[in-house]
Amino acid sequence: MLRESGGFRMGAFELTDLIGQDVNESVTHSVWQSFFQDVRFTPSLAQRRLVESGRLGRKNGQGWYDYRDGAERPAPHTADAAEAPAYVVVEGGLGPAAELLALIREAGIEVREKETADGAPEEAAGGAGLRLPGGGRLTLTDGRTCAESGDVVHFDLALDYRRATRVALAASGPTSARTLTEATGLFQALGKKVSVIGDVPGMIVARTVARIVDLAHEAVAQGVANREDVDTAMRLGVNYPLGPLEWSRRLGGDWARALLANLHACVPTGRYAPSLALHRHAHASDQREGSSS
């Protein structure tokens, strides 16, 4: 998902296999200690088990993946073909996924606007998104689970929905089979492969990007580097598709903070708690938007 939807050159498991699990774990411990054992940087027990079992990655043939001759590489689950809905109803804005509306229209699917009495677009009580013909909703993940919102399917963040080749969907017990089928058919009509995953708060790309954005804002706030240098380092040094602060600007001032706050409420370990720097950035963005309106 990080490659096909997020625009990254490698996913996290593939990258740590390339680096070497032992090397990556050592660096992770060093960072954790340097930040006074901040829970957000807690080393992975799963990675520790890999190292203990000798699965060090590409350099010795096995890590998260098997690199030995003849080994079969795992492929992401791809949903079976489903019929696209005849129309969707827009309920509020789609935020970072707004470009989907143009793609839906180009695919020949009718886009209807739900309006209030004063003619303004109406936002559903459960959050902005698309209403499907069967009555269920399709919304961009916001860090909460589908189970909290009833008959809903969440979809993951993409760097560029037009260029993305795969989109992840998440559903839970309250999600009807029809809603999942309509959501799957919709993205397939846009030319995307669809992977249906479990009801994971923040899903895959959105959670990864929000964490990266948070850490970048904190690095600037602590004087580690300025904004331009952080973006340059992450684009050229680790080949990110965008600098994290440029990505933050594209997503909107409060997007990462809100997603991480919801994620922290679901998983209250502290790992996903938004930093003070991100809170300040979101507040400053709100004030700028308020003064310009």
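User: In this predicted model, which residues does R166 touch, not counting residues up to four places away in sequence?
Analyst: R166 is found in strand β6, which runs over residues 166–170. With neighbours up to four places away in sequence not counted, the residues that R166 touches are M1, E4, S5, P76, H77, T78, K193, V194 and S195.

User: Is R166 buried or exposed?
Analyst: The relative accessible area of R166 is 3%. Buried means under 20%, so R166 is classed as buried.

User: Which side chains make polar contacts of 2.9 Å with the side chain of R166?
Analyst: One polar contact of 2.9 Å joins the side chain of R166 to that of T78. Another, also given as 2.9 Å, runs from the side chain of R166 to the side chain of S195. The names asked for are T78 and S195.

User: Which residues touch the most other members of the largest nonpolar core?
Analyst: The largest nonpolar core has 53 residues. Its largest share, six residues, comes from helix α6, residues 205–221. The residues that touch the most other members are L138 and F155.

User: Which residues are in contact with F155, leaving aside its neighbours within four places in sequence?
Analyst: L138, which shares with F155 the most contacts to other core members, is itself in contact with F155. The full set is A97, L100, L138, T139, L140, T141, Y161, V167, A168, L169, F187 and M203.

User: Where is T141 placed, and is T141 buried or exposed?
Analyst: T141 has its place in the loop between β4 (137–140) and β5 (152–155). The relative accessibility of T141 is 1%. With under 20% as the limit, T141 counts as buried.

User: How many residues apart in sequence are T141 and L259, and what is their distance in space?
Analyst: T141 and L259 are in contact. In sequence, T141 and L259 are 118 residues apart. From C-alpha to C-alpha, their distance in space is 8.1 Å.

User: Where do the buried residues of α9 lie around the axis?
Analyst: Helix α9 covers residues 255–266, and its buried residues are W255, A256, L259, L260 and L263. They cover an arc of only 115° around the axis, which means that they lie on the same side of α9.

User: What does α9 reach from its first C-alpha to its last?
Analyst: Helix α9 has 12 residues. At 1.5 Å a residue, 16 Å is expected, and the reach of α9 is close to that. The value is 17 Å.

User: Which parts does the salt bridge between R162 and E106 tie together?
Analyst: The closest N and O atoms of R162 and E106 are 3.0 Å apart. R162 counts as partly exposed at 45% relative accessibility, and E106 is exposed at 54%. Because R162 lies in the loop between β5 and β6 and E106 in helix α4, the pair ties together parts 56 residues apart in sequence: the β5–β6 loop and α4.

User: Which partner in the salt bridge between D231 and R249 is buried?
Analyst: The closest N and O atoms of D231 and R249 are 3.9 Å apart. D231 lies in helix α7 and R249 in helix α8. R249 is exposed, with a relative accessible area of 51%, whereas D231 has 9% relative accessibility. The buried partner is D231.

User: Which residues are linked with R40 in a network of salt bridges?
Analyst: A search of the whole structure finds 17 salt bridges. One of them joins R40 and D38, with the closest N and O atoms 2.9 Å apart. The residues linked with R40 in the network are D38, D214 and E218.

Methods: Residues are numbered from 1 along each chain as its sequence is written. This is a predicted model: local features need pLDDT of at least 70, side-chain atom pairs count only at pLDDT 80 or more; totals for chains, interfaces and linings use all residues. Side-chain values use heavy atoms; hydrogens and water are left out. A nonpolar core is a set of buried Ala, Val, Leu, Ile, Met, Phe, Trp, Tyr and Cys residues joined through side-chain atoms within 4.5 Å. Buried means under 20% relative accessible area, exposed over 50%, partly exposed in between (1.4 Å probe, protein chains only). Helices (H or I, at least four residues) and strands (E, at least two) are DSSP runs, numbered from the N terminus. Contact means heavy atoms within 4.5 Å. A polar contact is a pair of N or O atoms within 3.5 Å; within protein, one must be able to donate a hydrogen and the other to accept it, and residues adjacent in sequence count only if both atoms are side-chain atoms. The expected span of a helix is 1.5 Å times one less than its number of residues. The arc is that of the directions from the helix axis to the C-beta atoms. A salt bridge is a side-chain nitrogen of Lys or Arg within 4 Å of a carboxyl oxygen of Asp or Glu.
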